[in-house]
Amino acid sequence: MGRPAPPPPRGAKKPPPPPEQPQDPYEFRTGEPRLLQAPGGTAPPAGRVVPIAMVTPLSGSRATSMQSREEQTTTLAPTSTQGSEGVLEPVGILQEQYQSLCLKKSKRVNSYILHILQEADEKIQNGEDRVTLNIPGNNRLIPVEKVTGEDFWLLCRVLRKNLNFQGLDMRYNSISDVGAYYASKLLQKKLNLTYLNLMFNEIGREGGELIAKALYKNKTLKYLRMTGNKIENEGGMFFAAMLQINSSLEKLDLGDCDLEESTVHLSNMLKENYHLAELHVCKHGITNYGMKYLCDALFLNSSLRYLDVSCNRITQDAMVFLADVLKTNTTLEVIDLSFNRIENAGANYLSKTLASHNRSLKALSVVSNNIRGKGLVDLSQAMQENLVLSNIYIWGNKFDEATCVAYSDLIQTGRLQPDNTDVKPFVVDGRLYLAEISNGLKKHYYWTPTYGEISNDLANAGFALVPVGQQP
């Protein structure tokens, strides 16, 4: 027998106990099987067997006994294999595959991902064959553990061969350039991914380059959202170059990506690309000079239906170029000029073209453009002449009595449907005013309602009018 350990020196402090780990609401401890408790304290439907999450790997006889116990209490669906023809076959339960992979790679299970995968499994078992995984990092209804690049790697490994899943919403997480690398691999290997939302995920220039290059060969993705990732000018150039080759992407959102005056490259892309139908370039610092480049390209482009240039530095001078384009362009259906500064003169240029030439534009937003009464009345008169223009959004400008009367008349006569504008007339002490209502082209651009689903398209009319590349 060995000699006993010497006692600690007199006066030595005892080491502090290890800190307690916070209880994870979705975490399962290895041991006796128990029912999953949802955040509200409700248990899953009766008779449903919930797999046990293997949070930390075990070793020795204990691992063997635990494995045999799990086999008796947990029913596993068969996993997929790749047939001799290279065709992917249906896979088994997503949450089981995710847990097994975490165990194999000695990685911690992300409880939020596990919860979402469980919901996806239930949808698949109910017969849904076009599943979108919604894993937003800003979900306030349930406890959220934001997805990191390493978490995203494991998730991509699980999803890349699953035939049921066709959309992935990862907004407001922290996958960074590491996750962008695995997103690029997913785009190269996932045969039926049509929707990918990576909005605000701390992706930088290198990550933007990886994703853009992955889309050179991708033939399935229809809608990509990169909003809020600071890919900067260099990353933006990779996307512009990609769009000269890619023939499947229909909807691209590069808003708020720290791109300054990217319009030269985007205009060159629009001259070559005949598939992109919707382009969001808000907060790009676009000036009148940049708007001229875009308009020059729109003379040649015959596919773009929705152009979002909101929150830029566009003034009345740029409306001369846009008005000229609208005289001949027959494909643009939605234009978002919100939060620029076109003022009365710019509104007048657009009004003349819309009244006398253009018969294809369906929706126009000039919210917060420092337009006063005369310019707003001109736009209302253009609507009287142009019966194709159905939606107009004017809140945030300078209303006078003539403006209130003009838009009240449009609504009262039925020329402008109440659901197709963001103002509503009301009377106080015999005088007419306009109040704001929550309609718009993209009210839920940065957020979605906390409770329930978006029940109609009134707040996001732009997406309803141009239903291309929508998430499945």
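**Exercise 1. Is N370 buried or exposed, judged by its relative accessible area?** Place the residue in the predicted model and list its partners.

*Solution.*
- Start with the location. N370 lies in the loop that runs between β9 (363-365) and α12 (373-385).
- Check accessibility. The relative accessible area of N370 is 17%. The cut-off for buried is under 20%. N370 is therefore buried.
- Look for side-chain partners. The side chains of N370 and E343 share a polar contact of 2.9 Å.
- Complete the neighbourhood. Leaving out residues up to four places away in sequence, N370 touches R341, E343, N344, N397 and K398. E343 thus appears as a polar partner and in the contact list.

**Exercise 2. Find the disulfides, then account for C257 and C282.**

*Solution.*
- Search the whole structure. The count of disulfides is 0.
- Take C257. Its nearest cysteine sulfur belongs to C282, 8.5 Å away. A disulfide needs sulfur atoms within 2.5 Å, so C257 is in none.
- Add its accessibility. C257 has 0% relative accessibility, so the residue counts as buried.
- Take C282. The nearest cysteine sulfur is that of C311, at 5.9 Å. C282 is in no disulfide either.
- Add its accessibility. At 2% relative accessibility, C282 counts as buried.

**Exercise 3. Describe the nonpolar cores and the surroundings of L224.**

*Solution.*
- Begin with the largest core. It holds 100 residues. L168, I211, L224, F239, L364 and Y407 touch the most other members.
- Ask which element contributes most. Helix α4 (residues 149-159) supplies the largest share, 7 residues.
- Zoom in on L224. Set aside neighbours within four places in sequence. L224 then contacts L196, I211, L215, F239, L249, K251, L252 and D253. Among them, I211 and F239 are also on the list of residues touching the most other core members.
- Move to the second core. This separate set has 9 residues, including V334, A363, F463 and V466.

**Exercise 4. Summarise the whole protein in four steps.**

*Solution.*
- Count the elements. The protein has 14 helices and 12 strands.
- Assess burial. Of the 472 residues, 50% are buried.
- Assess contact range. Consider contacts with a separation of 6 or more. Residues 24 or more positions apart account for 77% of these.
- Assess the surface. The accessible surface is about 22600 Å². Carbon and sulfur atoms hold 52% of this area.

Key:
Residues numbered from 1 in each chain as written. Predicted model: local features only at pLDDT ≥ 70, side-chain atom pairs only at ≥ 80, totals over all residues. Heavy atoms only, no water. Helix = DSSP H or I, 4+ residues; strand = E, 2+ residues; numbered from the N terminus. Buried < 20%, exposed > 50% of the residue type's maximum accessible area, 1.4 Å probe, protein only. Contact = heavy atoms within 4.5 Å. Areas by Shrake-Rupley, 256 points an atom, 1.4 Å probe, with all protein chains shown as cover. Polar contact = N/O pair within 3.5 Å; in protein donor to acceptor, adjacent residues only side chain to side chain. Core = buried A, V, L, I, M, F, W, Y, C linked by side-chain atoms within 4.5 Å.
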